Amino acid sequence: DGWVAAGRADPGIIFDVAILPGDDIQAAVDSNPPGTTFLIRTGTHRNQRVRPQDGQVFVGEPGALLTGAEPVAGWGPDGDWWSTGGQTRNARISGHCEADTPRCNHTNDLFVDDVTFRHVGSIADLGPGRWFFDYDADRIYLGEDPTGRLVEMSVTEQAFFGDADDVRIFDLVVEKYAVPAQRAAVDSRLGVGTGHGQDWIVDNVEVRLSHGVGINVTDRGIIRNSSSHHNGQLGVSAQGFDVLIENNEIAFNNLAGFWHDWEAGGTKFASIDNVIVRGNYVHHNVGMGLWVDVHARNSLLEHNRSEYNYRSGISVEKSYGTVVRYNHVEGNGLDDPRGEMWMWSAGILIYVTTDAEVYGNTVVNNAN
């Protein structure tokens, strides 16, 4: 008759299938009917890529971790650096980079003791905190001595994705997925411009250290009580209609160095109608904090804190009927050299937009 997981905030959830570390989650999904509830047991679930069926529910026990990375071994001194051979993984390439981060669009990331190293474009650019993948020679170079340290590389593209409806994901940590730009480690789409699912709920999920976007939802999707941080491009994104983004922490995203004017930072909500963004803490993202763009209609941004992001705290662009109210917007754009130019890096920036209402906000010490 199933069982109840220890530690779940909603003790009424009954589980049909338990997933142990080492089990194939996709095989369990495929062999059980729509509506099945899965308990992801405590431990590390490595290189799992899951396309759910309609109505399936995934709940993690405390300490349940899905990782898209694998350890990298065989390091040895190589001139001024360290290297290892036999590395046959290939990156997907997508997105637009800042000039000083030319490999931001390569999906493989390297982590040393859970810290993301900067992927540089040549051996000549190596140094502390940097690495280089010579894809032609199947060799990885590292700018620091890895002796006695855990070195991992992201290789698996996504944790959860697809066009199923009514999927629920609770209480999990998801990290180090090799996600292409504009796609997410947890994503209710098959891909950009392809079929998507409706009514996904992502609740109390931490997504970190993944290359593209942390979490993306579409029609009637909900992201709440979650954390999306230290991802390569964005923390959270959404498209479609009637989306709720509530009570999340979105921080330290765009580690890979994607082009700020393209799509990078904390969030981007595009081609969307009636998104509610409420009660989120958005801070220290390398780009915009909260960003509504590209034919967004009827957006409501309220009771958020957007602080110390590299560009504007709240940006509304090419949109219609947006309401920005009761937010605290502080310290944004202070490191952006464009902050003294025209209107860029304002606390709240409204441009190429009609019928916006901005009121009741506290806006303090922003660059412009």
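Biologist: What is the relative accessible area of Arg325?
Modeller: This model is predicted, so to speak on trust: local features need pLDDT of at least 70, side-chain atom pairs pLDDT 80 or more, while totals for chains, interfaces and linings use all residues. Residues are numbered from 1 along each chain as its sequence is written, and side-chain values use heavy atoms, leaving out hydrogens and water. Arg325 falls in the partly exposed class (between buried, under 20% relative accessible area, and exposed, over 50%, with a 1.4 Å probe and protein chains only). Its relative accessible area is 23%.

Biologist: Which residue does Arg325 meet in a salt bridge?
Modeller: A salt bridge here puts a side-chain nitrogen of Lys or Arg within 4 Å of a carboxyl oxygen of Asp or Glu. For Arg325 the N to O distance is 2.8 Å, and the partner is Glu302.

Biologist: How many residues apart are Glu302 and Arg325?
Modeller: Glu302 and Arg325 form a salt bridge. Glu302 sits in strand S30 (residues 300–302) and Arg325 in strand S34 (residues 323–325); strands are DSSP runs of E, at least two residues, numbered from the N terminus. The pair links distant parts of the chain, and the separation is 23 residues.

Biologist: And is Glu302 buried or exposed?
Modeller: Arg325, its partner, is partly exposed. Glu302 has a relative accessibility of 7%, so it counts as buried.

Biologist: Which residues are joined into one network by salt bridges that share partners?
Modeller: One link to look at is Glu175 with Lys176, a salt bridge at 3.3 Å, N to O. Glu175 is buried at 6% relative accessible area, and Lys176 is buried at 0%. The network joins Arg46, Asp114, Glu152, Glu175, Lys176, Glu206 and Arg208.

Biologist: Where does Arg89 lie, given that it meets Glu70 in a salt bridge?
Modeller: The side chains of Glu70 and Arg89 come to 2.8 Å, N to O. Glu70 belongs to strand S6 (residues 69–71), and the pair ties together parts 19 residues apart in sequence, because Arg89 lies in the loop between strand S8 (81–84) and strand S9 (110–112).

Biologist: What is the relative accessible area of Arg89?
Modeller: Its salt-bridge partner is Glu70. Arg89 itself is partly exposed, and its relative accessible area is 35%.

Biologist: How many salt bridges does the count come to?
Modeller: Side chains of opposite charge can pair when their charged atoms come close. Among the pairs we went through are Glu302 with Arg325 and Glu70 with Arg89. The count of salt bridges is 26.

Methods
Helix = DSSP H or I, 4+ residues; strand = E, 2+ residues; numbered from the N terminus.
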